[in-house]
Amino acid sequence: MASATTHDHAHGHGHGHDHDHHGPGPWTRIFTTTNHKDIGSMYLWFSLLMFFVGGAMALLIRAELFQPGLQVVQPEVFNSLTTVHALVMIFGAVMPAFVGFANWLIPLQIGAADMAFPRMNNWSFWLMIPATILLMASFFVPGGAAASGWTLYPPLSTQGGIGVDMTIMAIHILGASSIMGSINIITTILNMRAPGMTLMRMPMFVWTWLITAYLIIAVMPVLAGCITMLLTDRHFGTSFFNAAGGGDPTMFMHIFWFFGHPEVYILILPAFGIMSQIIPAFARKPLFGYASMVYATASIAILSFIVWGHHMFTVGMPAAGQLFFMYATMLIAVPTGVKIFNWIATMWRGSISFETPMLFAIGFLCMFTLGGFSGLVLSIVPVDITLHNTYYVVAHFHYVLFPGAIWALMAGVYFWLPKWTGRMYNETLGKWHFWLSAISFNVTFFPQHFLGLAGMPRRIPDYALQFAEWNMISTIGAFALGFSQLLFVYNVFSCIRSGEKAKERQWDSADSLEWTHLPSPVPYHTFETPPDLRGTNAAH
């Protein structure tokens, strides 16, 4: 924690920043702003909107599966919904939300005035709008939206209509946005830290984003190459993946999953960073094993490049390949286990209080661990061959991604909202939101393990009668889960408009710079003079 003198010295730079009162008008500011807080907020609002768009698609999917037979949508529309739901949730909701957190928090946590490339920051946000419009508009063109699953496997993706081309274009633009955001984050972290903020004194959130940004730069071009080859197969007579012309659809899988598996960690590592800020604050103890957390995060990122084949155990891979990918996948559980151990050890004998952010953090810990275990089950080759493309896989990745990424984001919003807005959310409503989410999430996705073990295939609009009961329960849970998120929206809006005034240090044990050196709400411009942390015991 920084010393009192440093606190007072830096605090002075938090005031007198009324740039927004005599600056551009609100609309001009939205379009031209280069302020990291504005851009962070725009990312967060955009991702909230996309979360509900993707969620509406999920509810249509579950409504169709409420009972056997075709009720709500035609099979081809169902396939498009499953495809676009995933793309919207990954590229429209989760990734932009984490980038929003990065924009808001990284300059505050390292004592920087702004991001390294403010104009590129603005551009990387605005690229997302046309990309999302392209993706959503693909539902309304002849042939409909892409219906090949979010993985865009050929031959389904080589045969679709113009909707597939629109999807490819949208992914290209979103990928460019991600790469620009990552370059910005890496440059900011490596070059703009306050004096005395060494790499091993950075908050864990900053560390996880530094590593995530390198992952994005490494794998987004792979995805771009993959879908460009798909595009040339569709329109320019090449046969990369077209078996009729001597191409190999399996090669698409290899290239896609070389992007796809690190992408899973791109979606979860920033969540680990948020957890590593929240759990110590509410356990009122420093994070246990800070250095091992940093090394574990880096290990996960490195290992993520050598496990892509576990998505492909059923393609006719030789036994040596299956064994390699099986053992590599099991190995990646080790650094993840280190992290979970460290979080539990942080809470051990701590003075824990259970405010809403901590509830979501503990929920994250329990549910993400369960999802990790079902991932270990799927890493075993013979088991995976049996369960491949069943609802067991759907249950697994939703246990990882919904509590893993989305609950972490919600925990982060509840945690930093008092700092961002200067107002306090309604704690009772926050707790209701958590418990309703926790119960309905498990009612939705736990039965899907049973469906998968019983052999129900994924991505189908109709199914045999023996799967009816669990599907009905799952759908009821999904609607409860979807509507309970409205509590979150209401809580955030009412906090911004009329919440009680928050204390400057709302969580007394939160010890990163934004809590120790800045007032609440955070001023429009912060740290024009970086705080000098040399000789202080700066926070992790």
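This note covers one helix pair and one pocket in a predicted model.

1. Helix 16, spanning residues 391-421, and helix 18, spanning residues 468-498, have axes that come within 10 Å and cross at roughly 15°. Because angles under 35 degrees count as roughly parallel, helix 16 and helix 18 are roughly parallel to each other, and their crossing is left-handed.

2. On the helix 16 side of this contact stand Phe402, Met410, Val413, Tyr414, Leu417 and Thr421, while helix 18 contributes Leu481, Gln485, Phe488, Asn491, Val492, Cys495 and Ile496. Sorted by class, the contact of helix 16 with helix 18 holds ten nonpolar and three polar residues, with no charged residues.

3. The second largest pocket encloses about 970 Å³ of space, and 35 residues line this pocket, with Ser41, Trp45, Trp104, Trp420 and Ile496 lying nearest its centre. Ile496 thus appears both among the helix 18 residues that meet helix 16 and among those nearest the centre of the second largest pocket.

4. Two or more residues of the lining of the second largest pocket are given by each of helix 3 (26-32), helix 4 (36-64), helix 5 (75-110), helix 16 and helix 18. The largest share, nine residues, comes from helix 4, while helix 16 and helix 18, the pair described above, are also among the contributing elements.

5. As for the character of the lining, the second largest pocket has 26 nonpolar residues, together with four polar and five charged residues. Charged residues are therefore present in the lining of this pocket, whereas the contact of helix 16 with helix 18 has none.

Conventions: Residues numbered from 1 in each chain as written. Predicted model: local features only at pLDDT ≥ 70, side-chain atom pairs only at ≥ 80, totals over all residues. Heavy atoms only, no water. Axes fitted to C-alpha atoms, helices over the stretch in contact; angles between N-to-C directions. Helix = DSSP H or I, 4+ residues; strand = E, 2+ residues; numbered from the N terminus. Parallel < 35°, antiparallel > 145°, perpendicular 65-115°, else oblique. Left-handed = near helix turned anticlockwise from the far one by under 90°. Contact = heavy atoms within 4.5 Å. Nonpolar A, V, L, I, M, F, W, Y, C, P; charged D, E, K, R; others polar. 1 Å grid on protein atoms, 1.4 Å probe; cavity = no way out; pocket = protein on both sides within 12 Å on 5 of 7 lines; lining within 4 Å. Points joined across faces, edges and corners; volume = space filled by probe spheres on them.
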